[in-house]
Amino acid sequence: MKKAMTLALGILTSVGGFFDVGNIATCTQAGARFRFQLIWAMLLATIVVIFLIEMSGRFAAVTNKALPDAIREHFGFTFWLVPFAILTVIHILVLGAEIGGVCFALHLVTGLPLQVWALPVAVLLWLFLWRSTFSAIENSTSLLGLITLCFVVAAVWHRPPLHDLLRGSLPSLPSQHPANYWFIAVSIVGAVIAPYLFYFYSSGAVEDEWDASYIPVNRAVSVIGMAFGSVISIGAIIVAGVVLAPRGIHVDDYHQAALMLTSAFPFWGYVLFAVSMGIACLGAAVEVALSMSYTFAQTFGWNWGEDLAPDEDARFCLVYTAALLVGSLFMLVGMDPLQLTMITMALSAAALPFVAIPMLLLMNDRKLLHDAANGAISNVAAAAIVVLTLVLAVVSIPLAVVGGS
Amino acid sequence: MKERLDVIRDLLDRQLVDSDETKMGRVDGIVLDIDGDGPPRIDHFELGFAVLARRIHPRIERWLNAIRARWSVRRSARQIVPWAKVVDVTAYEIKVDLKAIDTPAFDWERWLRDHIVAKIPGAGGE
Amino acid sequence: MQCTNAGMRRHLLFALLLIAACSRTTADQASSWVATLQFTGEQWLAGRVPTSFVRATIDSADRALQKTKAPVAPAARAAAEEMRQAIDRNDRAAVARLVKRFASLHAST
């Protein structure tokens, strides 16, 4: 019974972690510019992230250690320092982008400018983290996150031609704007395979006290959860493709994306978009801030855990507090949230080899994982992922320069 | 404890845990005692940012020490955990016969708890 | 060897941030913003978006159009400013006219 609950909650949480500001930004851009042509990029990214999440969960379940913990122990501090530093920078940028997403959602609802909301949002997030337990956070953000299903409903309502959808599910070359096309493709992958996602997942598994018996549950959660999130993201691509693309509206600014749902939901479309974006980004921001705390605490061997009261792990709390303060600075100084998001996605894609490869190496350590170490299928996937991340690392920044708008 | 320990694999960078099962830092450095002709013995573990900094580059350690001298609440740059205090070395952690809250490892933790966390409502568990 | 790679990466990174911040805009984007203003006006007339949103969108459009060198930009900006005043007055007829103006501007791009 407990496992069934874990399964259900795990799926919901994965949905919440998946669909965040990065997905909103990249999927709406993809749909608006190239209609359904980039659905394959989302599918590819989903398959990769399923493997990574499954491995991350399996690792934590068997060893009872989260990734930062295990990587420092296994490879030593000097090796770990590089991924750790990169992960920290990415965490802060992503947090800034997610906070930007929440600020924009509040701006849509209230009409007040984004900058006004930067500190209030940071404080709200902080209160959430200060007072809640891990499960409370996960449960509330995932249940509320179900509102993002409105993208799926809208996508179905628009009745997109199935033939075009299937064609978009296979990779194809663009008829125009190739640099932009590949930039968005890479950004989609960078948005889905967020480094914090599979690091956070391993810490979450330890927080939830998974053991080896959770391996099947973990597999189900990875596949179904990520697939669910992917469906919602594809829904966003479709809606953008049907509503914005024919009108020649590109998403160079979040305001253009906000119009997406007003056709399918005449009276509520605007509000639904705002609420979906707000909740998705809020949930993701909490996860990113926590992820940063986990990473620091585990690296230096501090007491950690969201279930602990703050007076038991003050340094853990200090990290997310500082992270939220720094993260709110981007919006406070008036940076454009969409631009911040796209820069972050490109850097995220570039950073992937550094953060994914250590984990993939660990997955083959039979002394650590015994029978649960990677089998042939997982290793083939791992090898392919390594190649993909290296390619992404090389092309993402040049593409951002050449193909970004 | 196993009869043979690999100093790098089993001890370095490992999680230290005190007598209350509280995490008290990692083994950032190991100091051996070389006494005459006999084999080196493990004298003590070292904990601290300064130790880590030294592993990266000695200049970073000097820079960190300068900052620490001015701003830190730490009593010393390096915290020492004598080998004699080690109770057990398992696959997960190294158990030591100390209370973390009493050691310099927890200087920052203690300072934060007393000066900041205690002042904010809701810091205790429910 | 490592230093050179790190240095190069840093330069690339800086260039990226600089260029992303400068946000090159093209005629393509101008056309997109004109279409956006048209759609926004339509949705405002249908009561599907609030007035504050239209104002904010006009602000973003104006900033973006200012950066582009597209021939349609000055006319579009002028129309956008008119639309801002029209919605402030709640002048639906004026907004409807401007929506048509945006449509023809878009068609010309």
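Glu209(A) counts as exposed because it has 10 C-beta neighbours inside 10 Å; a residue is exposed if 12 or fewer other C-beta atoms lie within 10 Å of its own, buried if 20 or more do, and partly exposed in between, with C-beta atoms placed from the backbone. This is a predicted model, in which local features need pLDDT of at least 70, side-chain atom pairs count only at pLDDT 80 or more, and totals for chains, interfaces and linings use all residues. Residues are numbered from 1 along each chain as its sequence is written, while chains are lettered from A and ligands numbered from 1 in the order in which they are written.

Glu209(A) sits in the loop between α11 (195–207) and α12 (215–243) of chain A. Helices (H or I, at least four residues) and strands (E, at least two) are DSSP runs, numbered from the N terminus. Most residues other than glycine have a negative phi. Phi of Glu209(A), however, is positive, near 55 degrees. Asp13(B), also not a glycine, has a positive phi of about 65 degrees. Asp13(B) is found in the loop between α1 (7–11) and β1 (15–17) of chain B, and is buried, since 25 other C-beta atoms lie within 10 Å.

Chain A has 18 helices and 0 strands. Its C-alpha trace spans about 55 × 45 × 45 Å along the principal axes. The radius of gyration of chain A is 20 Å, which agrees with the value near 22 Å for a compact globule of 405 residues; this radius is taken over C-alpha atoms, and the globule rule is 2.2 Å times the number of residues to the power 0.38. Of the 405 residues, 62% count as buried.

Two residues are in contact if their C-beta atoms, placed from the backbone, lie within 7 Å. Among contacts in chain A between residues at least 6 apart in sequence, 86% join residues at least 24 apart.

Chain A touches both chain B and chain C.

| Contact | Residues from the partner | Residues from chain A |
|---|---|---|
| Chain B with chain A | 22 residues (chain B) | 19 residues (chain A) |
| Chain C with chain A | 25 residues (chain C) | 26 residues (chain A) |

On the side of chain C that touches chain A, α2(C) gives the most, with 8 residues. That side of chain C has 13 nonpolar, 11 polar and 1 charged residues. Here Ala, Val, Leu, Ile, Met, Phe, Trp, Tyr, Cys and Pro count as nonpolar, Asp, Glu, Lys and Arg as charged, and the others, Gly among them, as polar.

On the side of chain B that touches chain A, α4(B) gives the most, with 4 residues. The residues of that side of chain B divide into 9 nonpolar, 6 polar and 7 charged.
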